[in-house]
Amino acid sequence: MARARTIGEGPGGGAGARGFAGWIERRPLAALLLTLAVVLLLWLVLADWPEELERWLGRKRVFVSALLNGITLGGLYFLVATGFTLIFGLMRNVNLAHGSLYLFGGYLGYATVQATGLWLPAFLVAFVLVALAGLLLQVLVFRHMEGEELRQTLVTIGLSIVFADLMLWVWGGDFYQIPTPDWLAGPVDTPIVLDVRPNGEVVYLRYPRVRLVIFAASVLIGVLLWLAINRTRVGMLIRAGVDDREMLAASGVPIQLLFALVFAFGAGLAGMAGVVGGTFQSISPGEDTRFLLASLVVVIVGGLGSIPGAALGALLIGLAEQFGSVYLPTYAIVFSFLIMVLVLAFRPQGLLSVR
Amino acid sequence: MALARPGPPPATAAASPASTAREAAIPPAAWITGLVLLLMPAIASDFFLVQVFGWALILGTIALSLQFLAGYGGMVSLVQMTVAGFAGYMVAILGSSGLTQISLGWPFWLAVPVAILLAVLFGTLSGALAVRTAGIYTIMITLAIAAAFFYFTRQNETLFGGFLGFNGVRAPVFWGIDWRAPVPFYYLCLGWAAIAWGLVVWVVRAPFGLALQGIRDNARRMAALGFDVTAHRIAAYAFAAFLAAPAGILLTWLNGQIAPGTVGIGPVIDILVIAVVGGLGRPIGPFVGALLYVLLRIFALDALVALGLSGQRFQLLIGLGFLVTVLFSPDGILGLVERARRRGGGASERGGGG
């Protein structure tokens, strides 16, 4: 069985920067194309669009909004998919109940905000309670079927059916939206110039503050996670466990404790993402499958078990979804799916995965 | 119900230990089951015939295609319901339906084979994608394909009719028989289920099926022996799609419509539940699971309401049943029955010896 030994590590296996430099040396053409794409994107965002371009792509406002929406949605997808990929990387458990954990977190967050009127504690409540649920699952169920990957996956499918119905029972089929707190409500002026009016007045893009803050938070979480995995002792143990679980257990590490911790943490991340999703969009039955699917596609694209892969995959899928829904509404879903198909066809192990 | 019964203990075999292998291969329970199924229209009402047995046979056939892939190929594919639904969609698009601006109105003898062909193509392509990576990835990739197809049909108005899908898709009338009438439709379902079952039983003993089982057990060794592992796996997906596609068309005819709900995540998972609960070990398992599922689906509502719960808690029942099966009897009801029989058989043998 091939393994993805890449949690926290960039391609090339070294520290991030060295790996990236190595990649440029190995793939000069790809690096050139990547640079060109970034430059083009920057130009599209910063330049005053000529008329010709507006005829092709529509208003600049639409394009830049789609770009920002895609990036921030990618941040949300990253939060959901990280837990999924982390749990898989260490325990080989494809947790198809991950979407249920996300939805559960969303409902818990909503209930907290309703009860206390405070937004930030909702994250804490969702994280702790969903992490507890994950811990119980790992200790009561998955520990007893270690090594039986298919059976574990089937169990997670059964659990997702049961959870979905229980949540439908408790919270009903309504849509809930977690209200944005006052200090985050409203738009913020970005330095991105949309248009220069004939009278010399400059029009800047206004963008919802809460989305930017949440995106910044998810980037922060991603960086902290990367540091935790690459620079701390527990992170070292996790990396060792991803590479060779048996050997790690044999060297006296309390591996069951490690498993329980990682499962709880991954589940907690999904729960927190639920609060984010509830503020961004809304929570309702069916969102669990939607986010499960998103996580699946993200980790298939990025590389199962790889956190940088999850970040890249989340960004790509978020962008594909937003640009798809703006420019080709009836075929939006095909876009992210097409990315998955292309990755599977040319690099089946995922973009940022070293086998 | 006839399917679910384990059958009478093989008293004849116990009486004459020198029974031939051929007799042992076809147990009397199978003969009785077959006979009961053939004569079913004489005893069952139209409702039972179509809504219970017809539906169970259709779902069983789709689940059988999953059982073939999972049990003999080691690939748990969640795309089988999607392949079936794809065939249903194709029949609605190519043949006639209530959505006259989309349906092409081809005659059924052209629409049905082309629909099956396209669905097999779809299943083969899905398989080709899924076998790019092995093991546990299969379940993820096929689930992603199934979900993408579901969301696509729901979004796409121009070709797939959007959220409402197609209604008024009916079984044809030919040879002077109205195939949408209960008795002919029942035989149609029974006929394809029997053919599909027979095909699976035959294929798993044919060289291709044996090679597939070899690949399931040890892909590396089979590759070293010169077998093309990828080609065998993709061929298995094509064969499974060929089993599922006609069943999907029958399902569309049974419901009279095809909509995104038919290929949603729920039904996709239900097919897995049916196959696993019935038992992935043998081709008859999915049919046992399907009958149980259909009976639950129809009668559990009343039972749930009687217990003071809302009838909507059906999914909870299905989920719990699936969990209990996976946790306590991973080889499904068939495995349970077999173990019970072995225990019973062992006891009687000991009794006879003493």
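**Helix packing and residue environments in chains A and B**

B:Thr142 touches B:Val76, B:Ser77, B:Leu78, B:Val79, B:Ala130 and B:Tyr237, when residues up to four places away in sequence are not counted. The model in which these contacts were computed is a predicted one. B:Thr142 belongs to helix 8 of chain B. The relative accessible area of B:Thr142 is 0%, and the residue is therefore buried, the limit for this class being under 20%.

A contrasting environment was found for B:Phe163, which is exposed because its relative accessible area is 61%, the exposed class being over 50%. B:Phe163 is placed in the loop that runs between helix 8 (137-155) and strand 1 (166-167) of chain B. With neighbours within four places in sequence left aside, the contacts of B:Phe163 are B:Arg154, B:Glu157, B:Ala259 and B:Pro260. B:Gly261 is 98 residues away from B:Phe163 in sequence, and the C-alpha atoms of the two are 8.4 Å apart in space.

In chain A, A:Val219 was examined. This residue is part of helix 8 of chain A, which covers residues 209-231. A:Val219 has a relative accessible area of 39% and is therefore partly exposed, as this value lies in between the limits of 20% and 50%. A separation of 9.9 Å was computed between the C-alpha atoms of A:Val219 and A:Leu76, and along the chain these residues are 143 residues apart.

At the level of whole chains, chain A contains 14 helices and two strands. Of the 355 residues in chain A, 51% are buried. The accessible surface of chain A amounts to about 15,800 Å², and carbon and sulfur atoms account for 69% of this surface. When contacts in chain A between residues at least 6 apart in sequence are considered, 73% of them link residues at least 24 apart.

For chain B, the secondary structure consists of 16 helices and four strands. Chain B has 354 residues, 53% of which are buried. About 15,800 Å² of chain B is exposed, with 68% supplied by carbon and sulfur atoms. Of the contacts in chain B between residues at least 6 apart in sequence, 75% are between residues at least 24 apart.

Three helix pairs were then considered, beginning with two pairs within chain B. Helix 5 (residues 46-73) and helix 6 (residues 80-94) of chain B have axes 9 Å apart and pack at an angle of about 140°. Helix 5 of chain B is therefore oblique to helix 6 of chain B, since angles over 145 degrees would be needed for a roughly antiparallel pair. The crossing of helix 5 of chain B past helix 6 of chain B is right-handed. On the side of helix 5 of chain B, the residues in contact are B:Ile62, B:Ser65, B:Leu66 and B:Leu69, and these meet B:Gln80, B:Met81 and B:Ala84 in helix 6 of chain B. By class, this contact between helix 5 and helix 6 of chain B comprises five nonpolar and two polar residues, with no charged residues.

The second pair is formed by helix 10 (residues 207-217) and helix 12 (residues 229-255) of chain B, whose axes come within 10 Å and cross at roughly 115°. Helix 10 and helix 12 of chain B form a left-handed crossing. Helix 10 of chain B contributes B:Phe208, B:Ala211, B:Leu212 and B:Ile215, which meet B:Val229, B:His232, B:Arg233, B:Ala235 and B:Ala236 in helix 12 of chain B. Seven nonpolar residues, one polar residue and one charged residue make up this contact of helix 10 with helix 12 of chain B.

The third pair joins the two chains. Helix 7 of chain A (residues 149-171) and helix 13 of chain B (residues 265-278) cross at roughly 125°, and their axes come within 11 Å. Helix 7 of chain A is therefore oblique to helix 13 of chain B. The crossing of helix 7 of chain A and helix 13 of chain B is left-handed. In this contact, A:Leu154, A:Ile157 and A:Ile161 come from helix 7 of chain A, while B:Ile269, B:Leu272, B:Val273 and B:Val276 come from helix 13 of chain B. The contact of helix 7 of chain A with helix 13 of chain B has seven nonpolar residues, no polar residues and no charged residues.

Technical notes
Residues numbered from 1 in each chain as written. Chains lettered and ligands numbered in written order. Predicted model: local features only at pLDDT ≥ 70, side-chain atom pairs only at ≥ 80, totals over all residues. Heavy atoms only, no water. Buried < 20%, exposed > 50% of the residue type's maximum accessible area, 1.4 Å probe, protein only. Contact = heavy atoms within 4.5 Å. Axes fitted to C-alpha atoms, helices over the stretch in contact; angles between N-to-C directions. Parallel < 35°, antiparallel > 145°, perpendicular 65-115°, else oblique. Left-handed = near helix turned anticlockwise from the far one by under 90°. Nonpolar A, V, L, I, M, F, W, Y, C, P; charged D, E, K, R; others polar. Areas by Shrake-Rupley, 256 points an atom, 1.4 Å probe, with all protein chains shown as cover.
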